[in-house]
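Student: Could you take one helix here and go over it closely, covering what it hides and what packs against it? A second helix to set beside it would be nice too.

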Amino acid sequence: MEIEVRHARVVEMINATGSLSKAAMKIGIPQPSLSAQLRRIEKAVGGSLFVRSRSGVTPTPLGERVIPMLAALAEQADAVIAEAAVDTSGVLRFGTAEWTPPTLRGALRSLLPKVDVQTETILSADAVDTLRRGALGAAMVSSMGSIVPIELSDSDLAKATIVRDPVWLALPVRHPLADHGVLGAAQLEDLCWIGYARQHWFSPVERHLLDGLGRRDRSVSHHAGGFHEAMSWVRHVGAAALTPLTGATSDVRIVPLADTQYTELTLVWHKDAMSCGTARRLVEIIRRYYYQYARSFPSYRSWLGDPTDGQSEVPDPSRMVTAESSYGF
């Protein structure tokens, strides 16, 4: 006889209850049938798994080694069933940030062919609460360490870092500093600035970085409600603004800062709405698109030491995806 998952569940139940009669009652079969099953299982593994006594059953030395393995087999089988049950039907509401790959909807549809995928743009700061309430199944969320953290207090939520996104300076194309390779704090002194409204997730990031650059008392012309609005002001009034790459537009020039710091773009999802395997594949799809998008900026390619335009995709630089980016499954 070969050991099957149902046998593993029988042994697990006997061990959990410490009694053949109680295990039989839980499983819903007569005790003699359960005892017969256990004898066949013990014959298959080559020895007794339990010592019987009037007070119940306890594992033998062989049982102490084998029972945890059988319990793990049953648990893995449950995980396979749960994984297969997700992604098969229903509706997935996916929250997107200001930066959304145009390939995202097609990727979601190919990964979830039987699911009605509905996307909507959300405020990054509200994403986790919206997921927790069940109004979304998954979302892309922006953060920055302890400055703007992603806190998942709900065990039904999981996350995986897509990419670390550098924060640089956006300038008008013809600005005197636009062609510099790297800018230091001293070169930022006389700039006119565009800031971000307090309700925007990037506002505390901006304050943190400018404090570090000694630019707390900068002259601010306008506080924008989002990245595209900020880039429009940069373009039309000749001002400067901090932005991650995902906030920049092609009609401004982004220049690296001497002490580049990073935000993170993270996929957060509800485990009942998306399986871990689907999330893993989706992260890779978005990550690949990010690198293609980022290489559209000459300053990014130069910063990576990759000035050519011949490659369709930049390698995955270790400074952009770190060990902390592993999936939080």
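Tutor: Take helix H7, residues 202–212: its buried residues are Phe202, Ser203, Val205, Glu206, Leu209 and Leu210 (buried means under 20% relative accessible area, with a 1.4 Å probe and protein chains only). They span an arc of only 160 degrees around the axis, so they sit on the same side of H7; the arc is taken from the directions that run from the helix axis to the C-beta atoms. An α-helix has 3.6 residues a turn, so residues three or four places apart point the same way.

Keep in mind that this is a predicted model, where local features need pLDDT of at least 70, side-chain atom pairs need 80 or more, and totals for chains, interfaces and linings use all residues. Numbering starts from 1 along each chain as its sequence is written, and side-chain values use heavy atoms, leaving out hydrogens and water.

What lies over that buried side? Strands E6 (157–171), E7 (192–196), E9 (241–244) and E11 (261–270) are among the cover, along with helix H8 (227–237). Contact here means heavy atoms within 4.5 Å, while helices (H or I, at least four residues) and strands (E, at least two) are DSSP runs numbered from the N terminus. Just past H7, Gly214 has a positive phi of about 75 degrees.

For your second helix, try H2 (residues 20–27), which buries Leu20, Ala23 and Ala24. Those cover an arc of only 100 degrees, which puts them on the same side of H2. Their cover includes helices H1 (5–17) and H3 (31–45) plus strands E1 (50–53) and E2 (56–59). Turned away from the buried side are Lys22, Met25 and Lys26, which are exposed (over 50% relative accessible area). Just after H2, Gly28 takes a positive phi of about 90 degrees.
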